[in-house]
Amino acid sequence: MSSAQKDERGGRSEELFARAIELMPGGVNSPVRAFRGVGGTPRFIRSAKGAEMTDVDGKTYIDYVGSWGPMILGHADEEVLSALRDALAHGTSYGAPTELEVLMAEEIRDAVPSVEMVRMVNSGTEATMSAIRLARGLTGRNKLVKFEGCYHGHGDSLLVKAGSGVATLGLPDSPGVPATLAQNTITVSFNDAEGLERVFDEHEDIAAVIIEPVVGNMGCVPPREGYLESVREITKRRDALLIFDEVMTGFRLARGGAQELYKVMPDITTMGKIIGGGLPVGAYGASRDIMNHIAPAGNIYQAGTLSGNPLAMMAGLTTLRRLRDKSIYERLERAGERLCNGLTGAAREAGFETVTNRVGSMWTSFFTGEPVTDWTSAARSNRELYGKFFHAMLEEGVYLAPSQFEAAFISTAHTDELLDRTIEAGRKAFRKVAG
Ligand SMILES: *Cc1c(COP(=O)(O)O)cnc(C)c1O
């Protein structure tokens, strides 16, 4: 870490982090929060409201992490808070069915084109692990195909060439994943339909292909025109199931997720993040035929003490109902365009080559001059420059993801005024990095 990237501010965050390091691995409960990809000390957050977060030293930031995706309405949305207060008064967990779960399932079914039935779980990781068990159970096959740089949570079968924190830390595939399991995961390059075809030529026994239809976890990488259609066609012809991991893209790119936007239907969909409205939630869904194989309707087992928790359902349902207003997605698109055009211009003025990938309100500016279409091209980005830019932005009061390989998110609470302040901060930050 260069001294420029070291934290000069000190303060309460430094003090808390020193204590945290003694108590939690790396001082955090999830790796990317630790600023390892950019150096320095993570800010400890005291509160958040709308598009802004305030740290324990009282400094306020315009936030583009949005809790890594869920906060599409901004932080502490009044309607979500008030619904939560109502729910709280009725008790926090029963371990028995509730009306809220029915309403939530109806909301998801009505929104997500390929989903007829859904099972709620507590995180995105749980959703993808369960979806894979379902695919294996249904097909009686073991192998799984995933794409380099895609992240599907930390399940054993999925921690192979994974994106997000694994990529940020430059970790090889994780110790603790049995080789016998890892062998069942085949990886292929994103946006390479021929590569996927070859995998099917070389392997039998493939149960499913799991994909982020728009990748967020190596930074934002959209599918090439026609690519998702090819993936759909190949999986269908080869008789393997297609899983869209829409934990990030669900209700983010469109109400019905990437499958609505690109009009390509997977067999199984996993969700999380936005559908919890800021509380811990995941879900997986599919056709009635497929889902009825899950216990107790069928014999593929999956369960959860707190699954469908009433507080989580209330926060999620309130959020999803707000997102029925499709004009929200048009506004987010315009906000994304305004911000990314502004930041790209600011980079150019300061003499930097950056490539900005964006789909709606999800985007990444890569420090590279070449198009970013897969993990190989994403990995060519200059991470040291990103680290410097990140810290310069933080200094200017803008909180970006502490890693080049993460997507940034815009919420409905990001007003034009805040976006323009971000662009102005970007101008100063790029100039500072240019030296
Ligand atoms: C965040 C994410 C996950 C994991 O969700 P958790 O709630 O962190 O377990 C899985 N898949 C994708 C695409 C994600 O973005």
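Q: Which residues is Phe251 in contact with, leaving aside its neighbours within four places in sequence?
A: Phe251 touches Ile72, Ala111, Val112, Gly257, Met271, Ile274, Ile275, Leu320, Leu323 and Tyr329. Contact here means heavy atoms within 4.5 Å.

Q: Is this a real crystal or a model, and how are things counted?
A: This is a predicted model, where local features need pLDDT of at least 70, side-chain atom pairs count only at pLDDT 80 or more, and totals for chains, interfaces and linings use all residues. Residues are numbered from 1 along each chain as its sequence is written, and side-chain values use heavy atoms, with hydrogens and water left out.

Q: Back to Phe251: which residues have the most contacts inside the largest nonpolar core?
A: Phe251 is one of them, along with Tyr64, Ile108, Ile275, Leu323, Trp363 and Leu400, in a core of 68 residues. Such a core is a set of buried Ala, Val, Leu, Ile, Met, Phe, Trp, Tyr and Cys residues joined through side-chain atoms within 4.5 Å; buried means under 20% relative accessible area, with a 1.4 Å probe and protein chains only.

Q: Which element gives the largest share of this core?
A: That's α12, with nine residues. Helices (H or I, at least four residues) and strands (E, at least two) are DSSP runs, numbered from the N terminus.

Q: And why does the core lie between domain 1 and domain 2?
A: Because both domain 1 (3–64 + 326–434) and domain 2 (78–322) give residues to this core. The bounds come from an automatic or database domain assignment.

Q: New topic: how much of the chain is buried?
A: Buried residues make up 56% of the 435 residues.

Q: How many helices and strands are there?
A: The chain has 15 helices and 14 strands.

How values were computed
Buried < 20%, exposed > 50% of the residue type's maximum accessible area, 1.4 Å probe, protein only.
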